[in-house]
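Welcome! Here are a few short exercises, each with a worked solution. Take a look at the sequence and the structure, then work through them at your own pace.

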Amino acid sequence: MTVSWLNIIRIRKVSEPILKIYNHHVAACGDPPIVDSRSSDCYIGYFENNDGEQWIFSRDRETGRATLRGGDADWNTEFEVLEGRMHDLILAEAELLWLHACWISSSVARS
């Protein structure tokens with residue numbers, strides 16, 4: 001029987017994070033959220049534009065609820081994403097493209 005690395009990875013769940021991102025915003029922007037993807041129904045997307053503004057998209061695949069948080073928009077404020085669009089924020093083109101990609105990716109159920 002041939003064992004591939006992919007099969008080993010599927011069998012062995014690693015508890016170490018694969019990505020650590022540090023906050024680039026000043027303290028007045030609030031405390032950055034602690035995002036945990038241990039739930040298999042949670043989709044997380046991260047974006048940083050060329051000005052260093054950071055955004056975190058999260059979506060619960062089970063409920064469909066999606067939110068966006070950004071350092072420049074106060075980390076402590078969750079903005080609801082409805083039908084893949086923002087109604088409370090004005091985003092630049094690159095941010096809108098990223099948000100759209102997150103919405104599509106998070107809409108697909110995991111197999």
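**Exercise 1.** Find which residues make the nonpolar surface patch of about 370 Å² in this predicted model, and place Ile21 in the chain.

*Solution.*
- Start with the members of the patch: Ile18, Leu19 and Ile21 make it.
- Next, locate Ile21, which sits in the loop between α1 (5–11) and β1 (42–48).
- Now decide whether Ile21 is buried or exposed: the relative accessibility of Ile21 is 39%. Buried means under 20% and exposed means over 50%, so Ile21 counts as partly exposed.

**Exercise 2.** Write down the pattern of helices and strands along the sequence.

*Solution.*
- List the elements: the chain has two helices and four strands.
- Then read along the sequence, which gives α-β-β-β-β-α.

**Exercise 3.** Work out the order of the strands in the sheet, and say which strands stand at the edges.

*Solution.*
- Follow the pairing: the open sheet of four strands is ordered β1-β2-β3-β4, and the pairing is antiparallel.
- Look for strands with a single partner: these are β1 and β4 (79–81), so each has one side left without a neighbour in the sheet.
- Add the twist: on average, neighbouring strands of this sheet are turned by 25 degrees against each other, direction ignored.
- Keep a general point in mind: strands of a sheet pair through backbone hydrogen bonds.

**Exercise 4.** Describe how β1 and β2 are joined.

*Solution.*
- Count the bridges: seven of them join β1 to β2 (residues 54–60), and the two strands run antiparallel.
- Pick out one pair: Gly45 has Phe57 in β2 as its bridge partner.
- Look at the connection: five residues lie between β1 and β2, which form a hairpin. In the turn, Gly52 has a positive phi of about 85 degrees.

**Exercise 5.** Which strands does helix α2 lie across?

*Solution.*
- Find helix α2 at residues 93–107; this helix lies across β1, β2, β3 (66–70) and β4.
- Check the direction: α2 runs at about 20 degrees to β2.

**Exercise 6.** What share of the chain is buried, and how much accessible surface does the chain have?

*Solution.*
- Take burial first: of the 111 residues in the chain, 31% are buried.
- Turn to the surface: the accessible surface comes to about 8,400 Å², and 53% of this belongs to carbon and sulfur atoms.

Note on methods
Residues are numbered from 1 along each chain as its sequence is written. This is a predicted model: local features need pLDDT of at least 70, side-chain atom pairs count only at pLDDT 80 or more; totals for chains, interfaces and linings use all residues. Side-chain values use heavy atoms; hydrogens and water are left out. Patches are made of residues with over 30% relative accessible area and no salt bridge: like charges are joined within 9 Å, nonpolar side chains (Val, Leu, Ile, Met, Phe, Trp, Tyr) within 5 Å. Accessible areas come from the Shrake-Rupley method with a 1.4 Å probe; for residues, only the protein chains shown count as cover. A salt bridge is a side-chain nitrogen of Lys or Arg within 4 Å of a carboxyl oxygen of Asp or Glu. Buried means under 20% relative accessible area, exposed over 50%, partly exposed in between (1.4 Å probe, protein chains only). Two strands pair if DSSP finds at least two bridges between them. Axes are lines fitted to C-alpha atoms, for helices over the stretch in contact, and angles run from 0 to 180 degrees between N-to-C directions. Contact means heavy atoms within 4.5 Å.
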